[in-house]
Amino acid sequence: MPANWQRGVLKAMGVKNHPVEVVDVADLAPWYRRIRLSAPGFLDELAVHPTIWIRLWVPALEKDKVVQRGYTVVDPDPDPGAGEFSLDFVLHEPTGPAASWAKNAEVGTTAEIAHTPQKLALDPELQTLVLAGDATALPAIVTLLRAAPSTASKYVVIQDSHDDRDALGIPQDARTTLAWSDDDPSGAGLVNALQASVPLDGFDPGRAYLWAAGERKLVKAVREHARGQLDLGRHRQHAQNYWIAGHSAG
Ligand SMILES: Cc1cc2nc3c(=O)[nH]c(=O)nc-3n(C[C@H](O)[C@H](O)[C@H](O)COP(=O)(O)OP(=O)(O)OC[C@H]3O[C@@H](n4cnc5c(N)ncnc54)[C@H](O)[C@@H]3O)c2cc1C
């Protein structure tokens, strides 16, 4: 792969790049693609936990170089030796190197991936789990729903206005409430949907956790809501920018 200064820095930090090959491509919706990858050995070194993500190295759109993008690990094979897992891609427009790589991917397409340092464990005593964001956050939200204690109430609010958004298959049990909010780049629409969805009666900030990710303005609005109306302390929330409208990730 062509050089990139970030690759040099990451290599100096001991981050190894692994080759990866596409073994299956499935469209959950015309704008949302699941790609199954094989990277023998990669999962052996991975402590799988909710929201885990990797760096994906793909060719830049125009220049002869590679760029890295974050993507969430989906359905890792429980047999680590198998080395298979999936990544879910929002095929957004305007496109970027990662969305374009995913759009053109077919069985046999290759790239490189690298581990990222991280750790997230949910409190087993959790009473309320609040999950919010846009479609880029969905893969991570699904990992959190699967990891949540069975007794916790889970509130999921996603901003997306595609007609076929229900096809994305969000797992729901009797304790899960799912709500959608239509596109509002300010984040106010997502916060309004959260206010309508999460009951404050009996809400205990000491036994709740909020996780949010997606476009920067949405994340900022949700973070303010978490600190303000939900009164969640620093260790009771995690809100992470996944992308910035109008800016390529570099
Ligand atoms: C920890 C982490 C985990 C992530 N997990 C996932 C995941 O599982 N699935 C996933 O799809 N994304 C995920 N993302 C977000 C993804 O990395 C970004 O959307 C990334 O910018 C896409 O790269 P690109 O090369 O396609 O576009 P870029 O070159 O970064 O951007 C090109 C243009 O597209 C716009 N853009 C970027 N993303 C979107 C979008 N989603 N919708 C509309 N416009 C967009 C930019 O604002 C820019 O104008 C994750 C990000 C992080 C940090």
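Domain bounds here come from an automatic or database domain assignment. With that in hand, let's work through this predicted model together.

**Exercise 1. Find how the two domains of the protein chain are placed and joined.**

Step 1: Start with the bounds. The chain is divided into domain 1, residues 5-114, and domain 2, residues 128-243.

Step 2: Locate the centres. Between the C-alpha centres of the two domains there is a distance of 25 Å.

Step 3: Look at the contacts, taking heavy atoms within 4.5 Å. On the domain 1 side 13 residues take part, and they touch 17 residues of domain 2.

Step 4: Turn to area. The size of an interface is often given as the accessible area lost when the parts come together. For domain 1 and domain 2 the buried area is about 1200 Å², with 66% of it from carbon and sulfur atoms.

**Exercise 2. Describe the shell around the ligand.**

Step 1: Count and sort. The ligand has 26 residues around it, and Arg69, Asp88, His92, Ile244 and Ala249 come nearest. By type, the shell holds 14 nonpolar, 10 polar and two charged residues.

Step 2: Trace where they come from. Domain 1 and domain 2 each supply at least three residues. Strand E4 gives the most, with four residues.

**Exercise 3. Pick out polar contacts of the ligand, then ask how much of the ligand is covered.**

Step 1: Begin with the backbone. Asp88 places a backbone N or O atom 2.8 Å from a ligand nitrogen, while a polar backbone atom of His247 is 3.3 Å from a ligand oxygen.

Step 2: Add a side chain. Ser248 has a polar side-chain atom 2.9 Å from an oxygen of the ligand.

Step 3: Finish with cover. The ligand alone exposes 920 Å², and the protein buries 90% of that.

Definitions and conventions: Residues numbered from 1 in each chain as written. Predicted model: local features only at pLDDT ≥ 70, side-chain atom pairs only at ≥ 80, totals over all residues. Heavy atoms only, no water. Near = heavy atom within 4 Å. Polar contact = N/O pair within 3.5 Å; in protein donor to acceptor, adjacent residues only side chain to side chain. Areas by Shrake-Rupley, 256 points an atom, 1.4 Å probe, with all protein chains shown as cover. Helix = DSSP H or I, 4+ residues; strand = E, 2+ residues; numbered from the N terminus. Nonpolar A, V, L, I, M, F, W, Y, C, P; charged D, E, K, R; others polar. Buried area = accessible area lost by both parts, 1.4 Å probe.
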